[in-house]
Amino acid sequence: MKIKHALIGLSASVLLMAPATSLVENTAPTVQAATFSQSEISLIKNLQARYAALDKTSYSRSNLYQITPNLGTPFSAGSLNSNYISSQLAWINYYRALFDLSPISASATENQNAQVAAAVMASINANPFHDQHGLPNESRPSNISSSDWDTAVELTNNSNLNFNVSNESAGDVITDLLTDSYNLTGGDTGHRAWLLSPWLSTTGIGAAYGSNGYRYSVQRVINISDALRIPTKTTLTYPSDGVFPIELLQGPNIYWSLYLAYDQIKGTPTITITDLDTGQKSTATNVSNYNSKYYGNFSTIITYKPGNINLVSGHQYQVNINGVTTYNFKLFNQVAANQPSLNTNKTTTDIDKIKSENLTPEESDVKIKSALLIKAEALRDSLMKHRIINNSVFGRSYQDGKSFHNLGKNQWYHDFYLTGNPSLTAGILNADNKLIDTNIYTSPYASLRTKTNAHLTSHTSYAYGQKIQIGQVNWYYLGPKMWVQKLPTDLKLSKQK
């Protein structure tokens, strides 16, 4: 039996296992798979190629080290095989790229400090079933100097820790932390939150085997200077929106999650997951709110299990976190050889024809949503065709607060701090939402905005190809010089006119 143990900063641990989400092969002949745009196909191929290039070497005592630690007297932490360090960093940045997060680096100093922490835990055979953050239940043995002990205490208190008895690859350790299915504190997904923190800039990597057979792995995730940075992303979901590897949802005890950088959600919202290809709908279970933990420096941490939804590569899903957010994702296989063919048929379904079909209201709703999403993705892709991708020029910091950056046709971007081009998110907007201003504007930015004579029609849903946030207001792109706004609950429409 494969035994693993993973801890997250400042948390107690118990091992929990639960039934896996239902997963099925994409072989049902009567199911119409989601349509993938050419940009999505290109992205999937890029991610599959990047995954194939990742080092998957298994590491053991024989090849883990460049300099083997001496865990007795005199104590010496040794050093890791440089290939192990570079491989683990590549895995970290591959996973961060899936969530549109910036890559991080690893410094020689932090790598050595992390190695000291790992070697100290290996030397004392730290109990893998106790909280080892800060080594609260351990005492310094005589063969370890006060300096090395203090380093180990500080590093373990500010790192993701993973303990296992198998010869995993450098990437397997990071996959364990990302899926967080072996988290002894339960379903808080704290390791994931730190690994995917939009504040994180650098890490340190260490690993060492104890005489008890455990490999003690350390990945630094808390840096004091990072807390002063502006996060590169303010909303992060697992699965992420866009395209997502089905492999990262397979296996036992994998919780899905929502992280918000600044907004704090109280209580536990109702969450539903819908397969937009089959109409199957599931209500999330085990919904929990861990806002008080601040893992990853996030203000909101909501985790849940997706219920009995069937997950199929090539299908599109919608996650509705009631009162918070709604988003869509499409599943693919990161192992290209396992990928079923993806539907690239661009023919859109006529919504009026759907309404005239002899369908139940639920069946009609699902079909209309699928058709609108195809239209929304086409809108998004039309923007991408004309987009200027140049991070060294566009989206940089301007302190006068008056500069707008032309990202492409009908795209203007105004932001002080974000250093990358904002992502484009397609979706569906319901005109009956009481927070929607039904007026249509030429731009989301006040200095460029005029109100048109056009309005949204009640009882109608609209496809949008981009969403941006200005202050507390979300703006949605319906077409050239056609923007509508959705207000937060504490603002009134009259204030926005």
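Which side-chain oxygen reaches to within 2.8 Å of the backbone nitrogen of Asn-83 at the start of α2? In this structure, which is a predicted model, that oxygen belongs to Asn-81, and I would like to begin with the helix that follows.

Helix α2 covers residues 82-98, 17 residues in total, and it reaches 25 Å from its first C-alpha to its last, which is close to the 24 Å expected at 1.5 Å a residue. Twelve of those 17 residues are buried, so α2 is largely enclosed by the rest of the structure; among the buried ones are Tyr-84, Ile-85, Leu-89, Trp-91 and Ile-92, but also Ser-87, Gln-88, Asn-93 and Arg-96. After the helix comes Asp-100, whose phi is positive, near 60 degrees.

Tyr-84 brings us to the packing, since the largest nonpolar core has 94 residues, and Tyr-84, Phe-99, Ile-273 and Val-319 are those with the most contacts inside it. This core draws at least three residues from each of domain 1 (38-226) and domain 2 (235-346). If we leave out residues up to four places away in sequence, Val-319 touches, among others, Trp-256, Ile-271, Ile-273, Tyr-304 and Phe-329. There is also a second, separate core of ten residues, including Leu-429, Tyr-462, Tyr-476 and Val-484.

Finally, a word on confidence: the mean pLDDT of the protein chain is 82, and 78% of its residues reach 70 or more. Over residues 388-403, however, pLDDT stays under 50, although the model has 37 contacts for them beyond four places in sequence, and residues 415-420 are likewise below 50, with 20 contacts beyond near neighbours in sequence. Where pLDDT is low, the predicted coordinates should not be read in detail.

Key. Residues numbered from 1 in each chain as written. Predicted model: local features only at pLDDT ≥ 70, side-chain atom pairs only at ≥ 80, totals over all residues. Heavy atoms only, no water. Helix = DSSP H or I, 4+ residues; strand = E, 2+ residues; numbered from the N terminus. Expected span 1.5 Å × (residues − 1). Buried < 20%, exposed > 50% of the residue type's maximum accessible area, 1.4 Å probe, protein only. Polar contact = N/O pair within 3.5 Å; in protein donor to acceptor, adjacent residues only side chain to side chain. Core = buried A, V, L, I, M, F, W, Y, C linked by side-chain atoms within 4.5 Å. Domains from an automatic or database assignment. Contact = heavy atoms within 4.5 Å. pLDDT = per-residue confidence, 0-100.
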